[in-house]
Amino acid sequence: MSMPPALPTPSPAHSAAPEPLGVPAFPPLRVRGGRNRLRRAVRRRRRAMAAGLAVAAAALAATGAGGSGRAAPRVSDTANTASTGVHRQAAPRQPARQAVEVVSAPVRIADAETVRLLRPGDRVDVIASPDSRSGGGGAARVVASGVRVTDVPRPRDLSPDGGALIVLAVPRATATTLVGAGASARLAVTLC
């Protein structure tokens, strides 16, 4: 068996790495507009948002839903005025609806088991029926219609008449009616 030929050992005068080739000098590479790219993107987004808001405002102004209390003139009224020279009198303005003050009214319902079915947010009708113990006669009447239940407190102890308390969100005038009806009649609720 023959031995492979021995590889020459590098001499200290000879280096194993080749000499570097000369790389010509060149100026650094600069990308144009790189610094302002983010600013331009933000500006484009702002412009798009402003355009969208302008379109929404124009749509609200055209439909008269802007809430200013003034109705936009109808196109037919404007066209008739321009073509005939006769100005029709506009319809009288509707009085602005005043905000109704809503109050919380605690109401004792005669049937505690019915109250256990209620949850906050439910809509109920409150019905007053004459109290048979006081000798009152007459038919049952609806005292409040479609009012919202805000709270159903847990009873701490059972009342002697077996009723349970609920809290309703009602206009102030309806709260007065509920208190008056609760003093002279038994109250019941029906779910809407």
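**A five-stranded sheet with a helix across it**

Strands E1 and E4 pair in the antiparallel sense, with eight bridges between them. One pair of residues facing each other here is valine 103 and valine 170, the latter in E4. This pairing is a good place to start in what is a predicted model, and the rest of the sheet can be followed outward from it.

E4, which covers residues 164-171, is also joined to E3 by three bridges, and these two strands run antiparallel. Within this pairing, valine 149 stands opposite leucine 168 of E4. E3 (residues 141-151) in turn pairs with E2 (residues 123-130), again in the antiparallel sense, over five bridges. Here arginine 123 has arginine 148 of E3 as its bridge partner.

Put together, five strands make an open sheet in the order E1-E4-E3-E2-E5, with antiparallel pairing. E1 and E5 (185-191) are the edge strands; each has a single partner strand, so one side of each is left without a neighbour in the sheet. On average, neighbouring strands of this sheet are turned by 45° against each other, with direction ignored.

Helix H4, made of residues 172-184, lies across E1, E2, E3, E4 and E5 and runs at about 150° to E4. H4 has 13 residues and spans 19 Å from first to last C-alpha, close to the 18 Å expected at 1.5 Å a residue. Which residues of H4 are buried? They are Thr174, Ala175, Leu178 and Ala181. Seen down the axis of H4, these buried residues fall within an arc of 130°, so they line one face of the helix. As a general matter, an α-helix has 3.6 residues a turn, so residues three or four places apart point the same way. The cover over the buried residues of H4 includes E1, E2, E3, E4 and E5. On the other side of H4, Ala173, Thr176, Val179 and Ala183 are exposed.

Helix H1 offers another view of a helix in this model. H1 (residues 37-63) has 27 residues and reaches 40 Å from its first C-alpha to its last, close to the expected 39 Å. How many of the residues of H1 are buried? The count is zero, and H1 is hardly covered.

Valine 100 sits in the loop between H2 and strand E1 (102-109). Is valine 100 buried or exposed? With a relative accessibility of 56%, valine 100 counts as exposed. Although 71 residues separate valine 100 from proline 171 in sequence, their C-alpha atoms are 6.4 Å apart in space.

Looking at the whole protein chain, there are four helices and five strands, and along the sequence they follow the pattern α-α-β-α-β-β-β-α-β. Of its 192 residues, 16% count as buried. Among contacts with a separation of 6 or more, 66% are between residues 24 or more positions apart.

Confidence varies along the protein chain. The average pLDDT is 76, and 65% of the residues score at least 70. Confidence is highest in E3, at a mean of 93, and lowest in helix H2 (residues 75-84), at 48. Over residues 68-84 the pLDDT is below 50, and this stretch has ten contacts in the model beyond near neighbours in sequence.

Technical notes: Residues are numbered from 1 along each chain as its sequence is written. This is a predicted model: local features need pLDDT of at least 70, side-chain atom pairs count only at pLDDT 80 or more; totals for chains, interfaces and linings use all residues. Side-chain values use heavy atoms; hydrogens and water are left out. Two strands pair if DSSP finds at least two bridges between them. The expected span of a helix is 1.5 Å times one less than its number of residues. Buried means under 20% relative accessible area, exposed over 50%, partly exposed in between (1.4 Å probe, protein chains only). pLDDT is the predictor's confidence in each residue, from 0 to 100. Contact means heavy atoms within 4.5 Å. Axes are lines fitted to C-alpha atoms, for helices over the stretch in contact, and angles run from 0 to 180 degrees between N-to-C directions. The arc is that of the directions from the helix axis to the C-beta atoms.
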